Amino acid sequence: LALGCALVSILFCEALHRTEHLAERLVKNDYLRAFLGGCLVIALTLLAGCRDYNGAGGHVIAAALGGTAKPEAFLLKIVFTAVTLGCGFKGGEIVPTLFVGSTFGCAAGALLGLPAGFAAALGITGLFCGMTNCPITSLLISVELFSADGLLCYAVVCAVSYVCSGGDCTPARPSSTPSCARNSSTSTRSE
């Protein structure tokens, strides 16, 4: 599950980066790009047949922690988030990371024979660590959110995700380019 979280965090980071650059290359005007991106999100919402992938998705996160998630939910949220942010809408990656982590963990946990709710908690921990490259923070957040009962499991997920994910994808730096998209020799670890 931890390796899967690392791979999904790389996928999510790449989707964010590549969508932004593709949108900027195809549509030079910021306002037109935002308009077309909004139209694309509406079309995607109609195709999905629900609004689960719009906004924060707290109800989906809660359902995943309760043991219920659609297997494709994490991929759809990555697409919706990449299109939204890549076309110029404001928002962040942290809550979508919780959504993607919980739904991926719930779905993958079922395949691995883990309790789905616990696997969702592990997914949140692993995705958060993979996206932010902050294992200590991820571990502390997991204990705060889910109690210390699974501390060893959270620590293992953080360690594997940290080592295998490759870079910090959050934009809390002067550069707007995610470090996962930069040369790895210029990337620095957050902790």
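The following exchange concerns helix α7 and the aromatic residues around it in a predicted model.

User: What makes the span of helix α7 close to the expected one?

Analyst: Helix α7 covers residues 135–146, 12 residues in total. Its C-alpha atoms, first to last, are 16 Å apart, and 16 Å is also what 1.5 Å a residue predicts.

User: How do you know that the buried residues of α7 line one face of the helix?

Analyst: The buried residues are Pro135, Ser138, Ser142 and Phe146. Viewed down the axis of α7, they fall within an arc of 60°, so they occupy one face. The spacing fits a general rule: with 3.6 residues a turn, residues three or four places apart in an α-helix point the same way. On the other side, Ile136, Leu140 and Glu144 are exposed.

User: What covers the buried residues of α7?

Analyst: The cover includes α3 (58–65), α6 (116–132) and α8 (151–165). For Phe146, the residues touched are Leu65, Ala121, Ile124, Thr125 and Tyr154, leaving aside those up to four places away in sequence. Just after the helix, Ser147 has a positive phi of about 80°.

User: Why is Tyr154 called buried, and why is Phe118 called partly exposed?

Analyst: Buried requires under 20% relative accessible area. Tyr154 has 2%, so Tyr154 is buried. Partly exposed runs from there up to the 50% limit for exposed. Phe118 has 28%, so Phe118 is partly exposed.

User: Why is the pair of Phe118 and Tyr154 called tilted?

Analyst: Ring centres must lie within 6.5 Å to pair, and tilted is what remains between stacked, under 30 degrees, and edge-to-face, over 60. Here the centres are 6.0 Å apart and the planes meet at 50°, so by that rule the pair is tilted. Phe118 belongs to α6 and Tyr154 to α8, so the pair ties together parts 36 residues apart in sequence.

User: What makes the pair of Phe146 and Tyr154 tilted?

Analyst: The planes of Phe146 and Tyr154 stand at 40° with the centres 6.1 Å apart, so this pair is tilted.

User: Which residues have the most contacts inside the largest nonpolar core?

Analyst: They are Tyr53, Phe99, Phe146 and Tyr154, in a core of 18 residues. Helices α1 (2–26), α3, α4 (73–86), α6 and α8 each supply at least two of its residues. A separate second core has 16 residues, among them Phe12, Cys13, Leu127 and Cys169.

User: How do you know that Lys77 lies over the face of Phe99?

Analyst: The distance limit is 6 Å from NZ to the ring centre, with an angle limit of 35 degrees from the ring normal. Lys77 is at 5.1 Å and is assigned to the face of Phe99. Phe99 also joins Tyr53 and Phe80 in a cluster linked by ring pairs.

How values were computed:
Residues are numbered from 1 along each chain as its sequence is written. This is a predicted model: local features need pLDDT of at least 70, side-chain atom pairs count only at pLDDT 80 or more; totals for chains, interfaces and linings use all residues. Side-chain values use heavy atoms; hydrogens and water are left out. Helices (H or I, at least four residues) and strands (E, at least two) are DSSP runs, numbered from the N terminus. The expected span of a helix is 1.5 Å times one less than its number of residues. Buried means under 20% relative accessible area, exposed over 50%, partly exposed in between (1.4 Å probe, protein chains only). The arc is that of the directions from the helix axis to the C-beta atoms. Contact means heavy atoms within 4.5 Å. A nonpolar core is a set of buried Ala, Val, Leu, Ile, Met, Phe, Trp, Tyr and Cys residues joined through side-chain atoms within 4.5 Å.
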